[in-house]
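User: I am new to this structure and would like to go through it step by step. Could you take my questions one at a time and reason each answer through?

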Amino acid sequence: MLNYQSFRSLLILFLLISVVPRTIFAHHTVETKTNIHIAVQAFLGKEDARKKWQPTIDYLNKELSNYVFDLVVIEAPNVALLRSLVDQDEVDYVIAQPIATVELQYLYGTNPELTKLDKSGESVFGSVIFTSSNSKSINTLNDLKGHTFAGANPVGLGGWILGYDHLMLNDINPYDEFSIVEFLGRQDNIVDAVINGLIDAGVVRTGVIENMIAQQRIERDEIKVLDPKTDFPYLLTTGLVPEWSFSSTMQTDTELTQIIKEKLLSFNSGYYANKMTGWTTAADYKPMHNLLKKHRLSIYQEPTYVELYKKYYPQILSFIVFVLLIFLSFKLIRNRQINKYKAELEKLSRVSSVNQLLSEIAHEISQPITSLKIDAHLVTKMLNNPNKVSNSQISEIVEHMTNKTDHCADVINNIRNFLSTKETSKELVNVNSRITKVIKLVNTELTKYKISVILQLEESGTFPLVVNVCPVELDQVLLNLCKNAISAMSETDTANVLTFTSFIDTDQVCIIVKDTGPGVSNQDELFALFKSTKQNSDTEGLGLGLSLSRKIIRAYEGDLALHSTSVNGAEFIIKIPRVSYAAE
């Protein structure tokens with residue numbers, strides 16, 4: 001038999017075995033519960049929000065005992081805090097009004113899981129546009145023009161945006177056609193202001209007027225609804241949008257979300273039935289996106305510069321037109337200057353100076369003049385001995401004289417309009433900049449013959465490729481080479497390219513002008529005065545360009561030469577002494 005001491009020991013052991021593990025297990029269960037944070041927007045203060053939504057939290061804690069649900073109340077104006085909590089994964093679910101719903105959906109990928117039901121079982125709401133029943137002058141929406149109007153705030157959905165959208169659909173712009181648009185905050189303030197005659201008309205969310213009637217703050221016959229709809233349980237003017245949403249965030253577990261949805265959809269009896277907000281399956285919130293996008297609100301708001309443009313576009317347009325006219329005027333003046341300069345270069349491309357031409361002209365006409373003298377002497381002798389000479393012989397000599405006279409006349413006519421003198425002064429010239437300028441001068445011809453340009457211009461030192469010459473004379477040489485190249489390429493049907501290459505070779509600046517024409521056929525007379533190698537065309541020259549161009553370059557102790565030629569084109573090279581100190 002057991003004595004008292006033994007019985008007591010066995011009893012204590014039994015209690016330890018049965019009670020302690022249960023205590024340990026219970027402690028372990030508490031430790032493994034997961035905290036779930038549900039954020040909710042508060043429009044009427046935090047206390048009102050807690051009173052409204054705490055029963056839902058209590059219900060979830062009761063039904064899902066493995067989790068601890070916590071309510072995070074956020075004042076509605078503090079949208080930045082709500083966005084930050086969602087962005088930082090500080091909350092798992094959000095109960096929010098439609099605008100916040102689509103904002104979070106757009107910015108952070110939240111997903112509406114449920115849509116709230118109001119007391120009448122509706123999952124949508126709209127706005128009512130109304131005036132006082134005492135108003136005799138306002139009976140339709142068009143009658144609102146010229147009157148005062150009130151809303152809750154510019155970004156309020158039921159208290160402004162839906163009403164604004166409805167008015168715009170009826171070709172009424174409140175900001176332009178109402179005498180005053182005021183925002184009074186709380187929507188019951190709007191109703192009071194209209195009834196008391198402080199404001200002519202206003203807009204509030206559906207249900208606001210009914211609540212005030214139920215609270216005996218107003219009478220139904222004090223309100224006149226404008227453009228009323230009859231197929232809705234509340235006074236209504238506008239279209240409808242989805243109610244508040246219960247949305248999951250990106251971090252929430254999908255299985256838990258499904259369980260919560262089932263619990264919130266199934267409660268309809270018991271202690272919580274009259275205390276909780278009802279829910280239904282999630283509505284399509286795309287119409288909300290379209291509404292905000294239509295009026296450029298919230299996440300679809302236009303940048304500040306676009307808003308300023310819309311506000312001040314007449315002034316901005318006038319300024320742009322003014323600037324454009326000034327630009328065109330300067331461009332016209334500049335084009336005239338370029339054309340004038342181009343014409344001067346065209347004239348200079350024929351002759352550099354009278355002194356340079358005199359010897360060439362004398363050589364060109366001295367032979368035919370000498371021959372004419374001989375022919376004239378022969379004719380004189382023949383006429384003195386008429387019996388020994390036939391008329392045909394005299395006629396042949398006279399014909400020769402005529403041809404030689406015509407040649408002299410042609411030479412004189414060729415130089416007649418091109419002789420000029422010009423005092424030139426040397427200066428430091430950037431070769432690359434002169435090449436670029438000349439290319440612009442022949443741009444019309446390049447475009448006409450579909451010739452593309454390649455610039456391979458070397459840059460070196462503080463003063464790149466600098467020479468000491470008269471810039472106009474250098475332009476004259478470059479322009480002449482350009483025109484010769486264009487003339488050559490105008491005769492071919494292939495894709496033509498004009499290439500300019502500049503580089504430094506020891507103490508000289510070199511410029512190579514390359515074309516893709518047929519090449520030079522008569523190299524011996526290439527630099528002879530009045531000996532043009534061009535075929536008859538609209539770009540035909542007088543045979544002065546290359547000869548005078550070489551004389552100009554050689555006057556600066558440089559040279560101009562044919563670098564290479566083939567059936568694939570020709571290359572001319574200009575060499576001018578480099579200004580050594582400028583290139584260091």
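User: How many bridges join E7 to strand E9, and in which sense do the two run?

Analyst: This is a predicted model, and in it strand E9 covers residues 201-205. One pair of bridge partners is Phe149 with Ala201 in E9. E7 and E9 are joined by 2 bridges, and their sense is parallel.

User: Which strands stand at the edges of the sheet that holds E7 and E9?

Analyst: The sheet is an open one of 5 strands with mixed pairing, and its order reads E8-E7-E9-E6-E10. Each edge strand has a single partner strand, so one side of each is left without a neighbour in the sheet. From one strand to the next the twist averages 30°. The edge strands are E8 (180-183) and E10 (223-225).

User: At what angle to E9 does helix H7 run?

Analyst: Two helices can be described against E9, and one of them, helix H5 (residues 157-169), lies across E6, E7, E8 and E9 at about 120° to E9. Helix H7 (residues 187-195) lies across E6, E7, E9 and E10, and its angle to E9 is about 150°.

User: Which residue forms a salt bridge with Glu177, and what does the pair tie together?

Analyst: The count of salt bridges comes to 16, and in the one made by Glu177 the closest N and O atoms are 3.4 Å apart. Glu177 lies in helix H6 (residues 174-177) and its partner in the loop between strand E6 (127-132) and strand E7 (148-151), so the pair ties together parts that are 32 residues apart in sequence. The partner of Glu177 is Lys145.

User: In what order do the strands of the 6-stranded open sheet come?

Analyst: The pairing in this open sheet is mixed, and its edge strands, E2 (67-75) and E13 (278-281), each pair on one side only. The twist averages 25° from one strand to the next. At the E13 edge, strand E4 (residues 111-117) pairs with E13 in the antiparallel sense over 4 bridges, with Thr115 opposite Thr280 in E13. The order of the strands is E2-E1-E3-E12-E4-E13.

User: Which strands does helix H4 touch where it packs on that sheet?

Analyst: Helix H3 (residues 79-87) packs on the sheet as well, touching E1 (34-42), E2 and E3 (93-96), and its direction makes about 150° with that of E2. Helix H4 (residues 98-108) has a direction that makes about 145° with that of E3, and the strands touched by H4 are E1, E3, E4 and E12 (245-248).

User: How far apart are the axes of helices H16 and H17?

Analyst: H16 (residues 471-489) and H17 (residues 545-555) pack at an angle of about 145°, and H16 passes H17 in a left-handed crossing. Among the residues that meet are Val477 and Leu481 in H16 and Leu546 and Ile552 in H17, and by class the contact has 5 nonpolar, 5 polar and 1 charged residues. The distance between their axes is 10 Å.

User: How many residues lie between E19 and E20 in their hairpin?

Analyst: Strand E19 (residues 559-566) and strand E20 (residues 569-577) pair in the antiparallel sense over 7 bridges, and Ala561 stands opposite Ile573 in E20. The number of residues between the two strands of this hairpin is 2.

User: How many contacts beyond four places in sequence does the model have for residues 351-357?

Analyst: The protein averages a pLDDT of 82, and 79% of the residues score at least 70. Over residues 23-30 pLDDT stays under 50, and there the model has 0 contacts beyond four places in sequence. Over residues 351-357 pLDDT also stays under 50, but the number of such contacts is 21.

Note on methods:
Residues are numbered from 1 along each chain as its sequence is written. This is a predicted model: local features need pLDDT of at least 70, side-chain atom pairs count only at pLDDT 80 or more; totals for chains, interfaces and linings use all residues. Side-chain values use heavy atoms; hydrogens and water are left out. pLDDT is the predictor's confidence in each residue, from 0 to 100. Contact means heavy atoms within 4.5 Å. Two strands pair if DSSP finds at least two bridges between them. Axes are lines fitted to C-alpha atoms, for helices over the stretch in contact, and angles run from 0 to 180 degrees between N-to-C directions. A crossing is left-handed if the near helix is turned anticlockwise from the far one by less than a right angle, and right-handed if clockwise. Ala, Val, Leu, Ile, Met, Phe, Trp, Tyr, Cys and Pro count as nonpolar, Asp, Glu, Lys and Arg as charged, and the others, Gly among them, as polar. A salt bridge is a side-chain nitrogen of Lys or Arg within 4 Å of a carboxyl oxygen of Asp or Glu.
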